[in-house]
Amino acid sequence: QEDDFIDDWKLVTPSEDDIDELVECITEAKESDNYDNKDTKAWAADLVDNVRNWRGLANADSDVVLAQLNNQNIQAETVERWIEVAQQRSIEEIMLEILDGDQDALDCLMDKAHSSTPKDLSFWYASPGMLLETLTKGDDEVKSCTWTETDVKRWASRAKIAVNTLPWLDLYLTPV
């Protein structure tokens, strides 16, 4: 029965260079670190050839990132914060890939099912009917719900694939 929901979906990390995304992650992660915008842009430029964008940074190992920065006196904890910010920014992007870009589905999963991460969504695999009921319950104004039990089971299956592909996704749950 599980084979009914295999749809050849794979989670693919975008390969486009996006230095602005890297700059955003480095800037957002700044705490008491003593670096400025010039440093941020230089580090992002050093990373873009291999890390490419925030999804690449989210998947990166902090030791590898440190090595790419040519020992510019950056602490491992600083790089780990950059990676954590990149992971947090990547979750919604990954969820939208799982949901075929359906923002309404993501909003409902977040608001009604408290399932806005791949790990949360994967837990619904065994009970897609319950998830569908949760998503559509009390929805008087959304009579045009087009989701089916097959859709939600496919989403949960894709979420399991995503968590298995990127183990860091296992660290994130929707806060209640």
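A residue counts as buried here when its relative accessible area is under 20%. With that in hand, welcome to a short tour of the aromatic rings in this predicted model. Trp82 has a relative accessibility of 0%, so Trp82 is buried. The structure holds 4 aromatic pairs, and the notes below follow two of them before turning to lysines placed over rings.

**The aromatic cluster**

- Tyr35, Trp43 and Trp82 together make up one aromatic cluster.
- Tyr35 and Trp43 pair edge-to-face, with 4.9 Å from centre to centre and 70° between the planes.
- Both partners in that pair, Tyr35 and Trp43, are buried.
- For Trp43 the relative accessible area is 7%, which is why Trp43 falls in the buried class.

**A link between helices**

- Trp43 also pairs with Trp82: the ring centres are 5.5 Å apart and the planes meet at 35°, so this pair is tilted.
- The tilted pair connects distant parts of the chain, as Trp43 belongs to helix α2 (residues 37-48) and Trp82 to helix α5 (residues 76-98).
- Along the chain, Trp43 and Trp82 are 39 residues apart.

**Charges over rings**

- Tyr35, already met as a member of the cluster, has the charged end of Lys30 over its ring, 5.2 Å from the ring centre.
- Another such contact involves Tyr125, where the charged end of Lys153 sits over the ring at 4.3 Å from its centre.

Key: Residues numbered from 1 in each chain as written. Predicted model: local features only at pLDDT ≥ 70, side-chain atom pairs only at ≥ 80, totals over all residues. Heavy atoms only, no water. Phe/Tyr/Trp six-rings, centres within 6.5 Å; stacked < 30°, edge-to-face > 60°. Buried < 20%, exposed > 50% of the residue type's maximum accessible area, 1.4 Å probe, protein only. Helix = DSSP H or I, 4+ residues; strand = E, 2+ residues; numbered from the N terminus. Lys NZ or Arg CZ within 6 Å of the ring centre and 35° of its normal.
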